[in-house]
Structure formats: C-alpha cells, structure tokens
Amino acid sequence: MANASLLTLRIEGMDCGSCGIKIENALNRLPGIDAVRLNFLAQILTCSLDESRTPRSRVEKEIRALGFTPFPLSSPDTPEDRDTPDSPPGSDQGEGCGHKHEHGHEHGHEHEHENGHGHGHPGGHAHGGCCHGDDCRTEGRKTAGAQKAIPSPAAPAWWSTAKGRQALVSGVLLAAAYGLSLVWPQPWMFAAAALIGVLPVARHALAGIRTGTPFGIETLMVVAVAGAIAIGETEEAAVVVFLFSVGELLEGIAAGRARAGIASLVSLIPQTARRRRGETIETIPADRLAVGDIVLVSPGERVPSDGIVIRGDSDVDEAAITGESTPVTKGAGAPVYAGSINANGSLEIEITRAAADNTISRIVQLVAEAQAAKAPTARAIERFSRWYTPAAMIVALLVVTVPPLVLGAPWTVWIYRGLSVLLISCPCALVISTPAAIASGLTGAARRGLLIKGGQALEMLGQIRTVSFDKTGTLTEGRPRITGLFPVGADGDEVLVKAAAVEQGSSHPLGRAIVAEARSRGLSVPEAEDRAALPGKAVTGRLEGRLISVGSPRHSSPLAGIGTAQDGGADGFATLPDDVARTLENQETAGQTVVLVREDGRLLGLIALRDEPRSDAREALAALRSLAIRPVMLTGDNARTAAAIARDLAIDARAELMPDGKRAVIADLVAEAPVAMVGDGINDAPALAAASVGIAMSGGTDVALETADVTLMHNRILGVAELIALSRATIGVIRQNIGVTLALKCLVLVTALIGITPLWMAILADTGATVLVTANALRLIRFRWNAMPA
C-alpha cells in the first residue's frame, strides 16, 4: 500500500491469545490495513494503515467495541520513516558493517569473514553472511515495521482496570441479590444481577460476531447465562457471571506478571546522569544523553547508557544484563552496559549509545519481537482452537437435544447439562498454554544473558542432538599470544615488524596478537600500503614497494609432505627447507598456530601463536554430554593444531575448513538430526545460517545482537547447555499446560454429562485452568539449572 504508514498501539486488556485473535480478525476485515502483528504479552499492536481508506479513529473504535482500550504509542509515520523489513528496527541498514581489514588466515582461526558488506577499506574484503540466516530467520523481523520495544507503563491497580471494575460490579450485584433474597426471596433478583453483569459481555460478543469471531468466550457466556435464566437457574446464572469476571481479572493479573519480567530490565536504567561539559558537571535526564557525552559514575551508581571507560578502574556488576554473577573489572578502554552497577571506584565514561539504542533497550526490543513471533506449537494450537470451539458448541447442542428427542428425557435437565458443556468448551486456557510458556522462557533466558530471538528457536533448542563449535574466540579465549619466532631470511625483529605492518588495523585475534607483540618490544611499526585480505589464506600489503604476505602454510604452501611442500599462489613457488618444515610440524603438533611471513615470495620466517581454551570450555562440553548432546569442533586451523586442542578438550574435530566447508558439514549433520552452531556471529555466518539454531558468542556487540538466533551476552559457552536445558524445561511446561487443560476439560465434560457438575463449577474449571497454566509458565522466569557433568 503506497500510502500506508505504521501504527503502533498499546491494547489494555489484551491478556491472552484469544484476545489477540479477536482483534486480528476485526482489523483484517477493514480496508487499508495490512501486516497486523499482535503481542498480547506486551499488549502491543502494530499494523500498516492507509488512513485514506480507514481512519485511525475507526481502528480504535473497533478495538473498543471488542472490550479493549487502545492507547497510542506512535503516530502513523511515513513509509520513508519506517524501518524496512530487512533492516532491524532502530539500526541503520549498514550498521555493523564498518569493519576494517579482516584477517585472511585460515590457520588457527576459522573466521573467513564472508559477510557481504563489500567495504572499500584497505584490506577489506567482501563479506557474504550479514543476513540473519536464511530468509532472515528470526520471525519477528520478517514483517515490515517491526515495533520498537516500548515498555508498558506501570500496571494500574487491579480495581482501576476495566476487568477489575466489571468483577466488582458483578460481585456487588450478586451480593445484593443474595442479601435481598434473605428477606424477600424472588428469583428475578438473581436474574437481574446476571443480566446487568452480562451486558458488557454481550456487547463484546455482538462485536465479535460482527467482526469475524463468532465463537469467542463472550458468545459462550451469553448463551449459557441466557439458557440458565430460561430454565430457572437464576442463582447459578449470577454466580457464573461473577466467576467469569473474576477469572478474566485473574488472567489479566497473571499476564501482567509475565510482562513485568522483561519490563523489569528497563527499570535498571537510572533516570538521571551526571554529564561533564568542560569543568562543569550537570545532572540531566538519562534519555537526553548523546553519543560522545562524558558521564561520571560513582560507586554504587548504575551506568546510564552504553559506553567506554576513559578514566578510572572499578569492578562492575553486569549480572542483570549478561547473567555474569561475578563483577567484572573495568579500566580505560573497557565497554560498559546501561544498567550495570559500579561497585567500588569512580569511572568516567564516554557514551557510545543513546538511551533508545543501548543494550537494555535492544534486549527488550528483541525479546518483544521474539514474543510476538508465534512458536510452531502455538500456531498448531491456534489452528486446533479454530475448529475446537465450534465443534464443542455442536456437541453442547447435541447434548441438549438428543436425549429429550430420542429418549424422552426432561428438557430442563439436558439443557442444564448442555450449558455446562458449553462453558467448559472455551479454548482460552488451551490457547494461552504455549505463548505463556514461550514468553516466560524467553524472559527468563534474557535475564540470564541468554538472548533468544524467537519461540521457534527456543523450541528447536530442545530438539538439538549435536552442537558444533567454532574454535577461535568460541572454544578458545580468542586472545592468542606469540609463543615462537623463527626467522629464516631475516632477523626476528624484522620478521615481526613486517608482519605487524601488514596486520596493523586488523580486528582478527591473530593479527592483533602480532601487532601487540611488536609494540610490546618497542618496535616501530610502519604503515603498509595496498593492504588486502584473501579470506582463509593470507593478508598482504606493500612496504617500500615490496609485497609482504602473512599467511597460512596450507594456502601459501599447501603441504604435500615434509621437505617437499610447494609454495604457490601470488607469491610464486619455492620449496620449504627441511628444517623449516620440521619446525612447522613440531609447532603445529604442539598445538601452535603458525603463519609464514614472506617478502616478494621469499620466506622471511615463521611466527607461532597459541590460543588457550576458555576456562569454562571443559565444564561446558561435559555439561552438554550430560544432556546427551554430542559436541563437535569445526575449525579452519590446520589438522595438527586442531587435534591438539581437541585432545585437550576431549572433543571431535574437523579441521582445515573454509566457510563453505563448515556450511557443508553443518548441512550433513542437519540431515541426521537438529544441530546448533556456536560461533562469533559474523565470520561463521554461512554455518550459522545452515544450522537448525545459530548461536553467537558476544559481549553484546551490534553485529552479534543482530545475527543468529541466540546471543550469549555473558560470552560463556556453558550458556549453550543452559539454553538447551531451558528449552527442554519450556517444552515440558507446554506439555504440562496442554495436558492439564485437556484433562480438566475432559473430566468436567464427563461429570457434566452425568449431571454432577453445576454451571458455576464448569466456568470455575475453565477460568481456573487459564490461571493455572499461566502460573505454571511463570516458573520459567525463575528457571535455574545446575550442570551435572557426566
């Protein structure tokens, strides 16, 4: 729609999936409305609206007619102002694409940087995986205009809500009818209480019928109350109306508890910040901070927005953001996150993200989008409920008519029993059973630094049978250090300086390690010209007109055998001397990563580096095995180095894999059973996209937050096992909810048919089931898993 704009509303009273279905059905019937998306847990509606065909006031009127209260969160904006479907909300399309010259070595780091941004930086190279997996795998991103995560305001007192007022009115009417009946017993008193109490429900039922939801709970209630009055059961009719109102209120309170889980993250951000301007320190609202502002954070205060420490040292508690229980020491140059607590020292921080775009805001946004995306089980339940309720009404009609017509049974008895069947047929508890569990699981994960971007990913994690790990920066620390320098055609310092000149500006761990070593020795590192990277092979540049290359032995010299390796590629051909080849073999067998430094094809020397496994790697792999998960390491490093790391960690390894090779291995594994791939979220993009679930290691960086299906904010791979355990617990809660709901309905159905279930018990069973499944789902917010390694 050329004239369409994005409309975002908060819908008070939308507390279950059935509520969302009513609103969606109503809006889809209006002209000029498209891409309706509802997140009932966040109470957020977004849609594409052409006001020349349907004014916004008409949209709000339809929502009010269904019994909900819309509040504007945004004015309809122009198409040009909206985020496009392919760009994440709140981020520029090219965000995260400003990487400078990435390392091209395939040895020791399997990050071939195929991310498709096509930079023109010196040494840059085409990236080919900056998609979010196939078809932008997070469902919340598939629809245009995905909403910003706007936290709902503080929940009002229950008695001030529409549902609260209706419960109070129906309760007062029931009490008044009962009190009057003690002194003046008249059946019409309870009938009047029932009719007055059911009037708002009847209005909503008529609106639902008119807008495409004829079989909602309101319709069932009106029919049941009218039938009960018709057969003289006026007291029960009034009780049913009251219990229904109380059930709706309790459902809203339970949903509010679920919403409060993720919204509590927003409360971590302080309201004010102390900004330094020259010699002046001023206190301003935190949401007025701009990128580049300098703020002061004293011990005990929270960091007002994401930034970098420019002065001071302190321990910072990041538990609420990353799930890391131990405070992290921060000094100059260290990143800090909004909402983290400064423990002991004063810090000066340069703001790198405004309030609307800081890590907490982005987490809330992503979790809201994930909650809005329906999980497979939720979609299946919704499809089931569409025919379940009409079928139940037909069954109720048969219960009412067949015994009297066929067997000559009393009409009043079977009308009563049919009404009980009608009340228990409401699908609310069934419809909410899955979304409530998924939302609670997503919220609980986010509060532990496990950012899952959709219910589909959360469900799939529970089916994973193999987890594939990238090596450098995932299983290892990603901070290699030089362990050996072996000059051949030059002295050691010259080899190091020329390698550092080419690597200068690289963001790859090996490149940074070489540059850091040169600087630690006090060597002057010149600037190389014409730097370029050959992904997975080498990085090159020119010094004083000579071509310097730092590359993998497998690609600058594909080893055919000790002493007979040929040096091929752009540098020409030469044979590695026997002593050099033996050194290379010995270093790699010991687990070192070796790069060859050349000048115009002439070998200058070898540099050996070592990247140690993460401190939690062994524990994480053991935890996965305890869950019957098979861990595998996929690396672009040479086979000997990979074997050394694999022996150390007791993990299967596949080495010397280019990005396409990793993707092919993942595809083969996926053909056998669901597979998770754990990588850095950029360089392993092809494999992440091919996996059943892609998991990015990250300290909360932009690219990692926007890539893969899951981000480990705390950067601990033990979180992978916790993810799988949480997913299995979530699937377990979903099964419990569905099982309990169906079992309770079947029980009441049987008892209703044999005449021992009164109407009030039927409605109590239905509303009780709704509250019960919601409360059961809320347990996932407090989920705790203690690894028990095998």
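**Figure 1. The surface of the whole chain, in a predicted model.** About 30500 Å² of the chain is exposed, and 57% of that comes from carbon and sulfur atoms. What share of the 790 residues is buried? The answer is 58%. As for the fold, you can count 24 helices and 26 strands along the chain. Now take the contacts between residues at least 6 apart in sequence: 69% of them join residues at least 24 apart.

**Figure 2. Helix H17 meets helix H19.** When two helices pack, people describe them by the angle between their axes and the distance between those axes. Here H17 covers residues 578-589 and H19 covers residues 639-649. Their axes come within 7 Å and cross at roughly 25 degrees. Angles under 35 degrees count as roughly parallel, so H17 is roughly parallel to H19. Which residues make the contact? From H17 it's Leu584, Glu585, Glu588 and Thr589, and from H19 it's Arg640, Thr641, Ala644 and Arg647. Sorted by class, that gives 4 charged, 2 polar and 2 nonpolar residues.

**Figure 3. Strand E13, a mostly covered strand.** E13 spans residues 347-351, and 4 of its 5 residues are buried.

**Figure 4. Strand E7 beside E13.** E7 (residues 294-297) pairs with E13 in the antiparallel sense, over 4 bridges. Zoom in and you'll find Leu296 opposite Glu348 of E13.

**Figure 5. Strand E8 beside E13.** How do E8 and E13 run, parallel or antiparallel? They run antiparallel, with 4 bridges joining E8 (residues 307-311) to E13. In this view, look for Val309, whose bridge partner in E13 is Ile349.

Terms used: Residues are numbered from 1 along each chain as its sequence is written. This is a predicted model: local features need pLDDT of at least 70, side-chain atom pairs count only at pLDDT 80 or more; totals for chains, interfaces and linings use all residues. Side-chain values use heavy atoms; hydrogens and water are left out. Helices (H or I, at least four residues) and strands (E, at least two) are DSSP runs, numbered from the N terminus. Buried means under 20% relative accessible area, exposed over 50%, partly exposed in between (1.4 Å probe, protein chains only). Contact means heavy atoms within 4.5 Å. Accessible areas come from the Shrake-Rupley method with a 1.4 Å probe; for residues, only the protein chains shown count as cover. Axes are lines fitted to C-alpha atoms, for helices over the stretch in contact, and angles run from 0 to 180 degrees between N-to-C directions. Angles under 35 degrees count as roughly parallel, over 145 as roughly antiparallel, 65 to 115 as roughly perpendicular and the rest as oblique. Ala, Val, Leu, Ile, Met, Phe, Trp, Tyr, Cys and Pro count as nonpolar, Asp, Glu, Lys and Arg as charged, and the others, Gly among them, as polar. Two strands pair if DSSP finds at least two bridges between them.
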